[in-house]
There are 2 protein chains.
Amino acid sequence: MHLTKWLNQVGNTEISIENAEQKILTAARNVFIRKGFAGARMQEIADEAGINKALLHYYFRSKEKLFEVIFKESFGKLLPELADIFQQPGSVFEKIERFTEAYISIVMEHPFIPVFVLSEIHRNPDEFFDTYIRPELAGNIQIIAQQFAVAAQQGIIRPIDPRQLIMNVMSLCVFPFVARPMLQRMLHVNDAAFMQLLQERKTAVSQFIIQAIKP
Amino acid sequence: MHLTKWLNQVGNTEISIENAEQKILTAARNVFIRKGFAGARMQEIADEAGINKALLHYYFRSKEKLFEVIFKESFGKLLPELADIFQQPGSVFEKIERFTEAYISIVMEHPFIPVFVLSEIHRNPDEFFDTYIRPELAGNIQIIAQQFAVAAQQGIIRPIDPRQLIMNVMSLCVFPFVARPMLQRMLHVNDAAFMQLLQERKTAVSQFIIQAIKP
DNA sequence: GTCTATAGTTAGATAGAC
DNA sequence: GTCTATCTAACTATAGAC
């Protein structure tokens, strides 16, 4: 853990005395979420952090580097943890339960990840995929598809194209985070109520999927 | 139908003689999809259209106007058609079938819509929602939620929070289109194979949902 | 480390010839 | 309608004082 971050912690509770570096990171996260990478302005990040624009470059050299730091610090934890789940022993039902709960839990703490991933994958599909996704994923998707296919063949789950099932699991986990601003307005729920809905999704999604695929 | 478009058609097959306006629209769609609104460059659109940058402004005055034209021409058709489905008579199962098939069919023809909607809803949530979504949606979401709630109460479907069910239906329909560049790489499928998967989703999604919610 | 001032670049938009 | 050339504004990034 970084020294300044450690100094700013009392027990497990971070207190609000943030140095410039932390203020920049927090502000940048918010602006990148609101505007995307191309739409974000260094000036706006500086304003929101309450510091000068030149300091951004002093700490992070460039907009691109700043983005990378923010992205890697949180995305770096997500994929390895998720990939691991399908390597562990257990039934497909247990794995789906663990995966959906883990995904929603982690992303609730870093809700900007899915938006970043989707905007980056459109900006530069091949480089992004090869840099961030493929190394962590390796042959995992094939393994998962294989596990689904075998389960279907053995009658443990209903017949279903494994690729459709993979898309369904991902859709149900990811979509609420990327569509949140629209969903909240459509469903008339405030921030607290939406967090509550996400909380309930940790189990609701896996129940939904399991009902759908069990014979 | 616009005169130039009519002239460019033979029967139902559009031929490739496009005037500048059409070339610009086609190019702009592609660039806006790849780069988003903020990341798109008028120069890049001009290059891809094979015409000069000044001509963009001659036809569409500004980048913002150009985007609006492209967006409205296709998005304008989508929501009314979908909203109508839950007004028509039929069981919840029939409505879900009609909705998912209609959504996937229409969006397969205009695959950029979901990406546009998501980027716009993040850029300017309130204005976008009030301009494009709310007028078409009105109280429809409440009505749908009500229909789901009643069906659950009557035991026609399993007990489920109607808002979760709405999110699930939307997730399964929309996500594959916004995550397409990543999904194709993860699943190792080319464009043709992915279109085939989407084609199969027209029925696969509603089957999946109905299995999940039927008692 | 933090600021002001400014350099250097690029993008959207327009003027004007043809 | 279409082009070349240019204006103007905005942005990233750096230089240099404190």
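Start by selecting the protein residues around DNA strand D: this surface is made up of 9 nonpolar, 3 polar and 4 charged residues. Keep in mind as you look around that the model is predicted.

**Stop 1: the surface near the DNA**

Show those residues as sticks. DNA strand D is surrounded by 16 residues, and the closest include A:M42, A:K53 and A:K63 from chain A, along with B:N52 and B:Y59 from chain B. Now turn to the DNA side of the same contact: of the strand D atoms that come within 4 Å of the protein, 60% belong to sugar and phosphate.

Next, colour the helices. Select α4 (53-60) in chain A and α4 (53-60) in chain B; each gives at least two residues to the surface near DNA strand D. Which helix supplies the largest share of this surface? That is α4(B), with 4 residues.

**Stop 2: three side chains to zoom in on**

Pick A:R41. An N or O atom of the A:R41 side chain sits 3.3 Å from a phosphate oxygen of DNA strand D. Then move to A:H57, where a polar side-chain atom is 3.2 Å from a phosphate oxygen of the strand.

What part of DNA strand D does the side chain of A:K53 approach? Here the partner is a base nitrogen, 3.3 Å from an N or O atom of the A:K53 side chain.

**Stop 3: where the two chains meet**

Leave the DNA now and show chains A and B as two surfaces. Each chain brings 51 residues to the contact. About 4900 Å² is buried between chain A and chain B, and carbon and sulfur atoms give 71% of that area. Highlight A:H122, A:R185 and A:F208: together these residues supply 15% of what chain A buries against chain B, more than any other three.

Keep A:R185 selected and add B:D126. Their side chains form a salt bridge, with an N to O distance of 3.0 Å. Across the whole interface there are 2 salt bridges, and 10 residue pairs are in polar contact, both partners being at pLDDT 80 or more.

**Stop 4: the helices on chain A's side**

Finally, hide chain B and look at the face of chain A that touches it. Elements giving two or more residues to this face include α2 (20-39), α7 (113-123), α8 (125-137) and α12 (191-213). Select α10(A) for the largest share, 13 residues. Coloured by class, this side of chain A shows 34 nonpolar, 8 polar and 9 charged residues.

Definitions and conventions:
Residues numbered from 1 in each chain as written. Chains lettered and ligands numbered in written order. Predicted model: local features only at pLDDT ≥ 70, side-chain atom pairs only at ≥ 80, totals over all residues. Heavy atoms only, no water. Near = heavy atom within 4 Å. Polar contact = N/O pair within 3.5 Å; in protein donor to acceptor, adjacent residues only side chain to side chain. Nonpolar A, V, L, I, M, F, W, Y, C, P; charged D, E, K, R; others polar. Contact = heavy atoms within 4.5 Å. Buried area = accessible area lost by both parts, 1.4 Å probe. Salt bridge = Lys/Arg side-chain N within 4 Å of Asp/Glu carboxyl O.
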